[in-house]
Amino acid sequence: MNKYENEAVRDIVLSHPQVIKLFEKRRIDFCCNGHSTLSAVLNEKRYTENQKEKFLAKIEEEIASEITNRAAILPEFATLKELTQHIVQTHHAFLLKEAAEIPILFAKVVKAHVANHPEVTGAEQLTLSVLKDLKPHMNKEETILFPLIKYLEDCKRFEEKPHLGRNQSIRKIINVLELDHQTAGGVTEKVRELLNDYKAPEDACTTYTLLLQKLEIFEKDLHIHVHLENNVLFPKAIELENFLHTTYKR
Ligand SMILES: [Fe+2]
Ligand SMILES: [Fe+2]
């Protein structure tokens, strides 16, 4: 048996971020459904034993090469506060920039290509809805969750029990945010399906091609963004909250 077969896909990514490219290519969801084992994911995708073996060998090969600068793919931080700052400066900033540009490109593409490509209308609606939903989502993270995480880290430094309001349990807040991630991931997947995996059709103009490229980069960035939150930040924040509650009585 291959040693990665029974590992959760998110754990493989956490220890070997260079597999992200391979996972993206095979549409393996390592962010929202990162808890699934690689074997379960491949079975769900109906890989034959032979296909499975080949893919697992490819993963081993990729991991063995270890030439990639892992910090460039998935940076690591000494504190959760630093991780939240990275998320805001990198992924939230990128998302806001794209949320301003993508709708403009979409409007042009729909106008020029809807006759030959009616699918662009549905893709536009879905993309606009996901962009609209992600803005308050990021706002919730930046104004509620991330400051709370910073507060918990301060409590640890001062060896104090945290004093949180009734609705401020980190776990409760995270549950809601994880649901938002699931929804956004599902919607971008539908957009990708509608737009033929972002392969430009023969009659695509430059704007159409640019839009498809942007949507693909947007989706990849969202996967890394959600992975950093769901699989790194959130579990560590919950662990910290539990530690503080059980260790410090006052
Ligand atoms: Fe975020
Ligand atoms: Fe998020």
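**A walk through an all-helix chain**

Start at the N terminus and read along: the elements of the chain go α-α-α-α-α-α-α-α-α. That makes nine helices and zero strands. Keep in mind that this is a predicted model. Along the principal axes, the C-alpha atoms take up a box of roughly 65 × 45 × 30 Å.

How do the contacts spread along the sequence? Take the contacts in the chain with a separation of 6 or more: 80% of them join residues 24 or more positions apart. As for burial, 28% of the 250 residues count as buried.

Now for the inside. The largest nonpolar core is made of 33 residues, and Val9, Val13 and Phe23 have the most contacts inside it. Helices that put two or more residues into this core are α1 (9-15), α2 (20-25), α3 (38-44), α6 (80-113), α7 (119-157), α8 (170-194) and α9 (206-247). The top contributor is α9, which gives seven residues. Where does this core sit relative to the domains? Domain 1 (9-70) and domain 2 (75-247) each supply residues to it, so the core lies between the two.

Val13 is a good place to zoom in, being among the residues with the most contacts inside that core. Set aside the neighbours within four places in sequence, and valine 13 is in contact with Val19, Ile20, Phe23, Phe30 and His227. Phe23 turns up again here, as a contact of valine 13 and as another of the residues with the most contacts inside the core.

There's also a second core, separate from the one above, with 15 residues. Leu152, Leu177, Leu233 and Phe234 are among its members.

Conventions. Residues are numbered from 1 along each chain as its sequence is written. Chains are lettered from A and ligands numbered from 1 in the order in which they are written. This is a predicted model: local features need pLDDT of at least 70, side-chain atom pairs count only at pLDDT 80 or more; totals for chains, interfaces and linings use all residues. A nonpolar core is a set of buried Ala, Val, Leu, Ile, Met, Phe, Trp, Tyr and Cys residues joined through C-beta atoms within 7 Å. A residue is buried if 20 or more other C-beta atoms lie within 10 Å of its own, exposed if 12 or fewer, and partly exposed in between; C-beta atoms are placed from the backbone. Helices (H or I, at least four residues) and strands (E, at least two) are DSSP runs, numbered from the N terminus. Domain bounds come from an automatic or database domain assignment. Two residues are in contact if their C-beta atoms, placed from the backbone, lie within 7 Å.
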